[in-house]
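This briefing introduces a protein structure to a reader who is new to the subject. Please look at the sequence and the structure before reading the points below.

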Amino acid sequence: MRKGPAQLEPDSVQGGNMTVQIRLMLIALFAVAASGLMTTLDNLPAAEPPETPSPPDLETDLPPGPLGETIRLGREIVENTGTHPLSREYVGNALTCSSCHLDAGTDPQAATFLGSALAYPAWSPREQRVITLEDRSLNCFMRSMNGTRPPNGSRVSVAITAYITWLSQGQAMRMNPDKPLGPHSTRQLNVDPANADAKRGRQLYMDRCADCHGSDGLGSDDGPPVWGPQSYNDGAGLARIPKLTDWLKAAMPLGDPNLTTQEALDIAAFVNSHPRPKFELEKHLPPPERRGEYNAEH
Ligand code: HEC
Ligand code: HEC
C-alpha cells in the first residue's frame, strides 16, 4: 500500500520534479509550523472576557414602535424606581436601580448592565434553579430595594427587562452555568473580611464619603443612605463585605473611584457594621394570587 510520504521520493514523481518537491516540502514545513502554533495556543491562559462594549444610544438606536417605547420606559424606571408610578409600590427604601447600577447600568464597571442579558437563563446557586433575566431583576427589588417582588410579566418587569436586554443588542450569547452574572460584572477582588479594620474604615468614611452620604449614613441631597431603615436590606449582595468592597472599588467616591483595595475593604466593614432592614423572604413576595411561581424552593 502506498502511503502519502512515499510520493515524496523523486523517482516516483513524474516530470517537474523540483517544483513538486519544493511544493511538498513547503506543505510539510507549514504542517510543522501549524502544529507548533496549535501547541502555543493550547498553552495560553483562558481568554479574558472581551472589553465592555459601549452602550447603544437612546436617541438613535431604539427599535421603532411599542418595543422602543417599552425600552425607554424601562430606562425611566431604572433611574426613578422609587417615584415612577409603575414601580414605586414595589420599592421599600430610598434607592433606585441606578443607585448601584450607575448611569442606569451603562457605567462599564460598577454593576454594569452592559452584556448582562447575554448570560441568561443562568444557573443561580441561591435559588437552586435556572433563572431568567426577568427573575434576576425582580429579585433585586426584594433585597437591594428592600421592596416587594413585582409579578412576572407585569408591565414594570417587562419594561426593565426589555431595557437591560437592549443594552446587549448585537452581541453573542454567553450563558452562565455557574452564577447569574453577566460577562462584565464588577471585578472580584476576593478579599477576606478577616483583614478588614472597621475603625480605620470609620475615619476613611468620614473623610471621603460623609459629605454625600451623611456622617450618620442616612443620606443627604448628594447621596442616598448607606445604612439604616432606608438602605438595602441584609439579604442584598452589598450587605456582604466582599461584594461591597468590589463595588466600592469600582464605583465610589462617585465620579472618581480611587480607593485602594484595603481602603475599600475597611470602609465596607464599617458601613456594613450598622443596622439595616432584615430580609425575610415571605415579606417580600407579592400576595399568592399575584405571585405565579417564585423561582426558589426556600
Ligand atoms: C444596593 C445596590 C443595588 C440596587 C439598588 C440594585 N441592584 Fe441589581 N445588583 C446589585 C449588585 C451588587 C449586583 C451584582 C452585579 C455585579 O457584581 O456586577 C446586581 C445584579 C443585578 C442584575 C444581574 C446583572 C448581571 O450582569 O447578571 C440585574 C439584572 C439587576 N441587578 C437588576 C436590578 C434592578 C432592575 C434594580 C432596581 C429594581 C436593581 N438591580 C437594584 C446591586 C443593586
Ligand atoms: C460626591 C458625592 C459622593 C461621594 C463623595 C460618595 N458617594 Fe456614594 N453615592 C453617591 C451617589 C449620588 C450615589 C447614587 C448614584 C446615583 O444615583 O447615580 C451613591 C451610591 C452609593 C452606594 C450605593 C447606594 C446606597 O446608598 O447604598 C454606596 C454603598 C455608596 N455610594 C457608598 C459610598 C462610600 C463608602 C463612599 C466613600 C468612599 C462614597 N459613597 C462616596 C454620591 C457619593
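The points below treat the overall fold, the surroundings of the two ligands, and the confidence of the prediction. The model is predicted, and the protein in it has 298 residues. Eleven helices and two strands form its regular elements. Two domains, domain 1 (65–185) and domain 2 (193–271), both supply residues to the shell around ligand 1, and both do so for ligand 2 as well.

**Overall fold**

- Read from the N terminus, the elements follow the order α-α-α-β-β-α-α-α-α-α-α-α-α.
- Of the 298 residues in the protein, 37% are buried.
- When contacts between residues at least 6 apart in sequence are considered, 68% of them join residues at least 24 apart.

**Surroundings of ligand 1**

- The shell around ligand 1 comprises 29 residues, and the closest are Cys97, Cys100, Cys140, Ser144 and Gly182.
- Two or more residues of this shell come from each of helix H4 (133–142), helix H5 (155–166) and helix H8 (241–251).
- Helix H4 makes the greatest contribution to the shell around ligand 1, namely five residues.
- By residue type, the shell around ligand 1 contains 17 nonpolar, ten polar and two charged residues.
- Ligand 1 lies between domain 1 (65–185) and domain 2 (193–271), because both domains give residues to its shell.

**Surroundings of ligand 2**

- Ligand 2 is surrounded by 25 residues, of which Cys209, Cys212, Gly223, Pro224 and Pro253 come nearest.
- Helix H7 (210–213) and helix H9 (261–271) each provide at least two residues of this shell.
- Helix H7 gives the most to the shell around ligand 2, with three residues.
- The shell around ligand 2 is made up of 17 nonpolar, five polar and three charged residues.
- Ligand 2 also has residues of both domain 1 (65–185) and domain 2 (193–271) in its shell, and therefore lies between these domains.

**Confidence of the prediction**

- The average pLDDT of the protein is 87, and 82% of the residues score at least 70.
- Residues 1–16 have a pLDDT below 50, and this stretch makes seven contacts in the model beyond near neighbours in sequence.
- Residues 32–44 also remain under 50 in pLDDT, and the model has zero contacts for them beyond four places in sequence.
- Predicted coordinates should not be read in detail where pLDDT is low.

Conventions: Residues are numbered from 1 along each chain as its sequence is written. Chains are lettered from A and ligands numbered from 1 in the order in which they are written. This is a predicted model: local features need pLDDT of at least 70, side-chain atom pairs count only at pLDDT 80 or more; totals for chains, interfaces and linings use all residues. Helices (H or I, at least four residues) and strands (E, at least two) are DSSP runs, numbered from the N terminus. A residue is buried if 20 or more other C-beta atoms lie within 10 Å of its own, exposed if 12 or fewer, and partly exposed in between; C-beta atoms are placed from the backbone. Two residues are in contact if their C-beta atoms, placed from the backbone, lie within 7 Å. A residue is near a molecule or strand if its C-beta atom, placed from the backbone, lies within 6 Å of it. Ala, Val, Leu, Ile, Met, Phe, Trp, Tyr, Cys and Pro count as nonpolar, Asp, Glu, Lys and Arg as charged, and the others, Gly among them, as polar. Domain bounds come from an automatic or database domain assignment. pLDDT is the predictor's confidence in each residue, from 0 to 100.
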